[in-house]
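Biologist: Could you take me through this model in questions and answers? Please state the cut-offs as you go.

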Amino acid sequence: MRAQEVLTALQEKLGERLRAPEVRTEAIGHKRTLERELVWAEIDRDDLLEAVRTLRELGPLHISIISGVDAGDRIELIYHFAVGYGTPDGEVMVNFRLSVPKNDPVVPSICAVLPGALTTEREKIEFLGVQFSGIPDARKLFLPDELEVHPWRKDEPKLSDYVRYTVAWEAKKDEKGEAGA
Amino acid sequence: MKKAKLEPEGMAGEKRAGKTCPACFEVPIGPIHPALKEGIRFTFWVEGERIRAVDIRPGFMHRGIEFMGTKRNLVQLIYLAERICGICSVSHPLALVQAVEQAAGIEVPPRAQYIRVIIGELERIHSHLLWAGVAAHELGFDTLLHYVWKVREPVLDLLEDVTGNRINYAIPIYGGVRRDIPPEKYPKLKDALRYYRSLVDDFVSFFLRDPSIEARTRGVGPLSPEEADSLCAVGPTARASGLRKDLRQDWPYFAYPDLEVKALTPEDMGLEVRGDVYDRIVVRLLEVVQSIELIERCLEEMPEGEITSFPKVAALMAHLKKAEGEGIGRHEAPRGEVIHYIRLEADREAPVVWKVKAPTYSNFMPWFPMFEDQEIADIPIVAASIDPCICCMERVHIVRGDREEVIWKEELLRLSWEKTKRVASRVAPHASLGRKG
Amino acid sequence: MKHAELLERLKLSGFKRALWVYHLNTGGCNGCDIEILAALTPRYDVERFGIKLVGSPRHADVLLVTGTVTRPMYERVKRIYAQTPDPKVVIAIGGCASTSGVFYDSYNVMGPVDNVIPVDVYVPGCPPRPEAIIDGVVKAVVKLERLLEGKEG
Ligand code: SF4
């Protein structure tokens with residue numbers, strides 16, 4: 001699988017809705033040099049399922065992870081897929097960036113297309129407070145039930161209550177810092 | 001092989017138990033890990049001896065590493081990444097340095113790439129041997145546990161010799177490695193590799209030709225190729241189900257393009273792929289041999305030269321401070337794919353985003369079909385068969401000894417051991433557990 | 001440590017019974033745990049001194065605690081300490097258990113073990129070598145003896 005094939009297939013399906021498509025390459029190897037390719041693109045949440053289906057038709061599909069960050073009034077999610085594992089040197093990483101407003105943080109779940117995505121979607125619910133429509137199981141996964149905050153959000157006033165000094169000298173250092181200022 | 005039940009709603013054990021098995025008993029286990037020392041809670045719904053549904057709740061070991069990581073500078077991040085998991089303690093830093101090198105545009109000298117491969121493969125040998133011992137313990141073969149852990153010590157000595165520590169080696173740094181492997185050390189490495197080669201036959205006869213082990217693992221905890229594919233299994237778990245999925249082959253990095261690694265499945269030993277626990281043993285043994293070969297080739301082919309492009313840490317820090325961009329680093333750890341995503345901003349020492357994925361995170365979903373329709377006594381070995389590393393997955397941690405435990409670890413193990421005894425007297429009434437190859 | 005020396009020290013300490021140890025991981029990285037396991041296997045083989053890993057705190061003389069304490073573990077550590085019969089000795093194994101090590105500034109980390117329960121012996125290292133762990137256990141024996149004789153409260 002080459003990045004250009006992936007990109008062409010995505011563009012055929014999504015056309016203009018695939019924004020800022022880009023292929024990043026990296027040369028690797030010493031005696032046998034190769035080009036390693038990564039596809040980056042931005043999409044809207046409504047196009048996510050279609051894009052994932054397109055990838056699935058292209059060949060063996062693996063979801064590595066969904067990463068995310070609180071970007072002010074929006075939450076940015078990045079889906080990292082690997083298309084075409086199993087062929088030597090033939091894997092392409094496809095990264096979709098999508099952002100959702102904080103007052104309506106709902107993204108369609110891709111579990112119906114790729115059931116293996118459930119772990120990472122559940123993780124995003126608890127860490128970033130996004131919702132996935134159609135997710136089969138939205139319970140907490142890693143965080144304790146009594147933790148009421150979404151730790152990766154920057155607008156959580158209560159978060160600092162949970163972050164405590166773990167050793168006594170840290171608190172002392174802070175006091176001194178304040179006195180000195 | 002049983003048909004895959006992949007409808008998403010089939011995944012939430014609770015719901016399914018109510019729907020399909022109203023007569024089931026609920027058996028919570030944990031938060032102990034029946035295999036290793038880490039906490040994770042399993043809830044099984046059983047009908048007689050058969051498991052009908054399962055629910056798994058991790059989270060006891062969560063330390064919030066990614067959260068801490070966004071408050072530290074990039075060099076501190078290496079130490080933190082190393083301590084995500086003590087067993088695959090070089091895998092996370094190896095993925096992290098790749099991500100940062102990509103984001104900051106740092107070149108790595110070829111010799112450093114080879115040294116990274118050598119350390120990574122030594123770690124694979126130590127980790128697979130560790131697993132083999134734990135698996136033997138789960139089946140009740142403690143002699144084998146002690147034997148395997150004894151032969152594991154030489155690889156730790158080797159790691160200590162080349163890196164300075166038995167665990168948490170602190171070898172990778174952005175732009176290279178921190179310690180060279182000087183040619184005087186090659187003979188020692190080669191001797192140890194020869195020693196491991198000489199043990200391979202023993203391993204095959206102890207693990208693969210033993211009728212009791214075969215009876216306890218054949219057909220147990222199966223994962224079909226379709227399930228492995230759609231649930232995104234990684235590492236030996238995926239390969240044992242016949243998927244040739246190996247980052248060293250599909251997405252080469254470091255010196256792997258030169259070495260042309262091939263993903264191994266049970267077919268490479270002339271066996272039919274069945275995706276059960278036995279196949280997972282086969283794949284790991286094959287990979288130990290593969291790692292020995294790879295290290296030998298690295299020692300032969302390793303070029304002379306620098307081991308880092310930033311001999312002075314101050315220059316490295318200055319470069320990192322200016323760096324801006326994002327990067328993805330992936331590494332095939334002993335248990336499967338590790339991926340790190342990082343985003344850097346100029347004039348900020350800490351990363352803006354740091355996301356870590358450990359192999360057990362991907363192998364979490366495949367646990368569900370594996371447990372289905374298995375016997376209670378098989379729980380320990382099925383749980384252990386993916387080589388779970390809970391603290392890795394959660395980047396956090398927990399313990400056992402909770403009130404909710406209905407079956408204690410010991411009791412569960414006792415069930416497993418009794419089954420082995422039963423099975424052993426059936427398959428080999430007079431055979432001792434010794435070699436018969 | 002030389003085996004003879006270790007035996008000598010165990011003898012000197014006059015501890016008449018086999019020492020039963022319970023191992024608790026409260027949130028470390030596993031590095032310490034596999035070193036504890038390594039101490040039990042043939043190269044180090046502590047079982048020949050009668051040191052034995054048990055599966056329940058109720059049977060234990062010594063608690064080996066590894067790792068920084070995570071939020072969900074906090075209550076459980078206390079409970080396990082309470083379940084261990086007196087006289088008991090707690091050993092904090094590794095940098096995390098002693099000082100929290102690299103894990104600080106997080107919503108889920110509650111600090112080193114001595115934030116939660118009293119600790120008698122600290123074994124530094126990340127991870128400490130099996131020899132260091134054995135040394136820590138021997139120090140615990142000495143302490144336990146004194147507790148048994150009623151010299152320390
Ligand atoms: S002290 Fe080090 S090796 Fe031990 S659990 Fe903590 S981080 Fe891991």
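What follows is a set of questions and answers on sheets, an interface, burial and cysteines.

Modeller: This is a predicted model, in which local features need pLDDT of at least 70, side-chain atom pairs count only at pLDDT 80 or more, and totals for chains, interfaces and linings use all residues. Residues are numbered from 1 along each chain as its sequence is written, chains are lettered from A and ligands numbered from 1 in the order in which they are written, and side-chain values use heavy atoms, with hydrogens and water left out.

Biologist: In the open sheet of 5 strands in chain A, which strands stand at the edges?

Modeller: Helices (H or I, at least four residues) and strands (E, at least two) are DSSP runs, numbered from the N terminus, and two strands pair if DSSP finds at least two bridges between them. The sheet has the order β1-β2-β5-β4-β3 (chain A), with mixed pairing. Each edge strand has a single partner, so one side of each is left without a neighbour in the sheet, and these strands are β1 and β3 (61–71) of chain A.

Biologist: What is the average twist from one strand to the next in that sheet?

Modeller: Axes are lines fitted to C-alpha atoms, for helices over the stretch in contact, and angles run from 0 to 180 degrees between N-to-C directions. For the sheet ordered β1-β2-β5-β4-β3 (chain A), the twist averages 20°.

Biologist: Which residue of β2(A) is the bridge partner of Glu22(A)?

Modeller: Strand β1 (residues 19–28) and strand β2 (residues 34–42) of chain A run antiparallel and are joined by 8 bridges. Their hairpin has 5 residues between the strands, and Gly29(A) takes a positive phi near 90° there. The partner of Glu22(A) in β2(A) is Trp40(A).

Biologist: And which residue of β5(A) is the bridge partner of Glu42(A)?

Modeller: β2(A) pairs with strand β5 (residues 92–101) of chain A in the parallel sense, over 5 bridges. Within β5(A), the partner of Glu42(A) is Arg97(A).

Biologist: Which strands of the sheet does helix α2 of chain A touch?

Modeller: Helix α2 (residues 48–58) of chain A packs on the sheet, and its direction makes about 10° with that of β4(A). Contact means heavy atoms within 4.5 Å. The strands touched are β3, β4 (74–83) and β5 of chain A.

Biologist: In the open sheet of chain B, which residue of β7(B) is the bridge partner of Gly329(B)?

Modeller: This sheet has 3 strands in the order β6-β7-β8 (chain B), with antiparallel pairing. Its edge strands are β6 (325–333) and β8 (353–357) of chain B, each pairing on one side only. β6(B) is joined by 9 bridges to strand β7 (residues 336–344) of chain B. The partner of Gly329(B) is His340(B).

Biologist: At what angle to β7(B) does helix α3 of chain B run?

Modeller: Helix α3 (residues 74–82) of chain B lies across β7 and β8 of chain B. Its angle to β7(B) is about 160°.

Biologist: How much area do chain B and chain A bury between them?

Modeller: The size of an interface is often given as the accessible area lost when the parts come together. Buried area is the accessible area (1.4 Å probe) that two parts lose on being put together, summed over both. Here 57 residues of chain B are in contact with 61 residues of chain A. With 58% of it on carbon and sulfur atoms, the buried area is about 4,700 Å².

Biologist: Which three residues supply more of the area that chain B buries against chain A than any other three?

Modeller: Together they supply 13% of that area. They are Arg57(B), Trp251(B) and Tyr361(B).

Biologist: Is Ala238(B) buried or exposed?

Modeller: Ala238(B) lies in helix α10 (residues 235–240) of chain B. Leaving aside neighbours within four places in sequence, Ala238(B) is in contact with Ala233(B), Leu243(B) and Lys245(B). Buried means under 20% relative accessible area, exposed over 50%, partly exposed in between (1.4 Å probe, protein chains only). Because its relative accessible area is 0%, Ala238(B) counts as buried.

Biologist: How many residues of strand β1 of chain C are buried?

Modeller: Across chain C, buried residues make up 61% of the 153 residues. Strand β1 (residues 20–25) of chain C is mostly covered, the buried count being 5 of its 6 residues.

Biologist: How many disulfides are there over all chains?

Modeller: A disulfide is a pair of cysteine sulfur atoms within 2.5 Å. Two cysteines of chain C are buried: Cys29(C) at 8% relative accessible area and Cys32(C) at 12%. By the distance rule, the count over all chains is 0.
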